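Visitor: Got a minute to walk me through this one? I'd like to start with how the strands pair.

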Amino acid sequence: MNRKERTKWFLDDRFGMFIHWGLYAIPARGEWVRSVEKISNEDYEKYFEEFNPSHFNPKEWARAAKAAGQKYAVLTTKHHDGFCLFDSKLTDYKATNTPAKRDLIKEYVEAFREEGLKVGFYYSIIDWHHENYPAFGDRNHPMRDNENFRKKQINFDQYLEYMHGQVRELLTNYGKIDIMWFDFSYDDMTGEKWKATELIQMIRDIQPDIIIDNRLGGNIKSSNPEIYAGDFYSPEQIVPPGGILDENGEQVPWEACITLNDNWGYHSKDKNYKSPKQVIRTLVECVSKNGNLLLNVGPDARGIIPQESLGILQEVGNWMQRNGESIYRCKAAKLPKPEWGRYTQNGNKLYAHVFDRGIGPIYFAGLKDKIKKARLLADGSELKIETPWMAEQYSDIESGAFINLEGARLPDENDTVIELELV
Ligand code: H79
């Protein structure tokens with residue numbers, strides 16, 4: 001399979017759930033807490049001894065994802081702090097040895113598969129816990145100010161063996177895995193520093209259909225990318241303004257990962273949540289530029305997704321239930337961005353996402369005599385194409401079409417979608 005074939009389902013599905021969960025849910029100050037507060041291994045150890053997510057129920061996570069209209073998920077099997085949610089034979093630093101006493105990745109995979117969702121693994125190639133991970137080269141390492149630690153002799157090859165071995169475990173012990181999400185290369189720690197070619201060959205050997213992000217390094221936008229350059233580009237906390245094109249001007253698959261508040265891991269005081277409307281419009285923006293949205297939740301130390309996040313997911317789900325057709329299997333339309341919102345398209349179905357209605361009829365530049373039928377996607381009601389009074393006096397009128405929405409307000413303040421069947 002080539003990249004295009006591998007990523008077909010991914011680009012059809014468009015919307016996934018990112019889950020950041022680990023020991024850092026206990027201090028509840030975000031997943032970078034060890035680095036930001038320069039916490040030593042010893043001081044962080046208490047969270048390992050305490051980790052006991054009494055309400056962990058991945059079926060509930062999966063149901064929330066499904067109800068939101070998400071089609072796949074990616075969970076942190078190990079974040080930068082090095083703690084493993086899975087039962088790795090290569091370390092003691094794993095959920096099995098905490099009061100949780102079990103392989104949480106196994107339960108996640110089973111629960112999400114059961115709901116019909118595709119399953120992905122996030123795996124941090126950075127590891128602040130492993131004794132052979134170089135603190136000296138990592139300006140964010142929690143022990144960066146500790147002279148002894150920085151000068152310690154390490155054997156990086158042993159870390160690579162560990163890292164490759166864990167990836168092998170993850171891709172061998174849990175059945176078919178759909179996405180491998182590495183995080184991340186930096187400075188000269190990139191590509192072959194991770195023995196990336198060897199790693200990719202092993203991955204493709206075990207899971208030939210898996211899709212892999214672009215964070216092992218290389219240049220995914222090259223016309224001749226490295227084998228480890230990945231299947232999709234992974235912009236973080238941004239929707240790339242013009243989408244992503246390679247050197248030949250061809251579309252590169254991409255997925256924007258975005259938090260719901262300002263942290264990936266659970267943060268008890270961060271209430272800076274996006275609104276459902278922002279999330280819906282961001283999803284539409286991604287699809288209108290040929291991209292996916294991977295929307296993050298950070299379950300707490302009990303294993304519960306914050307109430308605020310669940311509320312947002314629910315409202316996004318209400319919208320998706322009626323308007324999902326304008327997202328799944330859709331891509332960018334070959335029309336300029338309209339004044340009132342965005343377009344997505346699937347074959348001869350053009351979806352007009354009206355964010356900003358203004359007053360009066362909505363104008364569709366370039367679509368005169370090109371619209372066979374128009375309906376409100378949410379309820380299927382027909383919309384008439386009518387040329388307004390004295391329209392011949394307006395510029396552009398020759399090539400455009402008008403649709404009149406009854407009433408003063410948009411039927412859906414989040415995003416009113418008009419389905420246009422093109423001739
Ligand atoms: O897993 C999530 C992040 O933890 C990870 N990638 C996503 C998917 C990520 N690692 N690094 N970065 C994102 C960017 C680095 C941000 C930093 Fe900072 C700025 C590190 C130190 C300064 C943000 C602010 C984190 C700590 C303070």
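Guide: Sure, and keep in mind that this is a predicted model. Strand 3 (residues 118-124) pairs with strand 4 (residues 179-183) in the parallel sense, over five bridges.

Visitor: Which residue in strand 4 stands opposite serine 124?

Guide: That's aspartate 183. Asp183 also turns up among the residues around the ligand.

Visitor: Hold the ligand for a second. What's the strand order in the open sheet?

Guide: The order is 5-4-3-2-1-7-6, seven strands with parallel pairing.

Visitor: And which strands stand at the edges?

Guide: Strand 5 (211-212) and strand 6 (254-258). Each has a single partner strand, so one side of each has no neighbour in the sheet.

Visitor: OK, back to the ligand. Which residues are around it?

Guide: His20, Glu31, Trp32, Val36, Asn140, Asp183, Glu236, Cys257 and Trp264. Sorted by class, that shell has four nonpolar, two polar and three charged residues.

Visitor: Let me zoom out. How is the protein divided into domains?

Guide: Domain 1 covers 3-326 and domain 2 covers 341-422. Taken over C-alpha atoms, their centres are 39 Å apart. The contact between them takes 13 residues from domain 1 and 12 residues from domain 2.

Visitor: Which elements give two or more residues on the domain 1 side?

Guide: Helix 10 (276-288) and helix 11 (307-323). Helix 10 gives the most, with eight residues.

Visitor: What's the mix of classes on that side?

Guide: Five nonpolar, three polar and five charged residues, on the side of domain 1 that touches domain 2.

Visitor: Now strand 13. Is it mostly enclosed or mostly open?

Guide: Five of the seven residues of strand 13 (residues 416-422) are buried, so the rest of the structure largely encloses it.

Visitor: How does strand 9 run relative to strand 13, parallel or antiparallel?

Guide: Antiparallel: six bridges join strand 9 (residues 349-354) to strand 13. In that strand, leucine 420 is the bridge partner of leucine 350.

Visitor: And what about strand 11 and strand 13?

Guide: Strand 11 (residues 371-376) pairs with strand 13 in the antiparallel sense too, over five bridges. There, lysine 373 has glutamate 421 of strand 13 as its bridge partner.

Visitor: Switching again: where is threonine 197 found?

Guide: In helix 9 (residues 196-206). Threonine 197 has 15 other C-beta atoms within 10 Å, so it counts as partly exposed.

Visitor: What is threonine 197 in contact with, leaving aside its neighbours within four places in sequence?

Guide: Glu192, Ile227 and Tyr228. As for glutamate 226, it sits 29 residues from threonine 197 in sequence and 8.3 Å away in space, C-alpha to C-alpha.

Visitor: Last topic, the overall build. How many helices and strands are there?

Guide: The protein has 11 helices and 13 strands. Its C-alpha trace spans about 80 × 45 × 40 Å along the principal axes.

Visitor: What's the radius of gyration against a compact globule?

Guide: The protein has 24 Å, and a compact globule of 423 residues would be near 22 Å, so the two agree.

Visitor: And what share of the residues is buried?

Guide: Buried residues are 44% of the 423. On contacts with a separation of 6 or more, 70% are between residues 24 or more positions apart.

How values were computed:
Residues numbered from 1 in each chain as written. Predicted model: local features only at pLDDT ≥ 70, side-chain atom pairs only at ≥ 80, totals over all residues. Buried ≥ 20, exposed ≤ 12 C-beta atoms within 10 Å, placed from the backbone. Helix = DSSP H or I, 4+ residues; strand = E, 2+ residues; numbered from the N terminus. Pairing = 2+ DSSP bridges. Domains from an automatic or database assignment. Contact = placed C-beta atoms within 7 Å. Nonpolar A, V, L, I, M, F, W, Y, C, P; charged D, E, K, R; others polar. Near = placed C-beta within 6 Å. Rg over C-alpha atoms; globule rule 2.2 N^0.38 Å.
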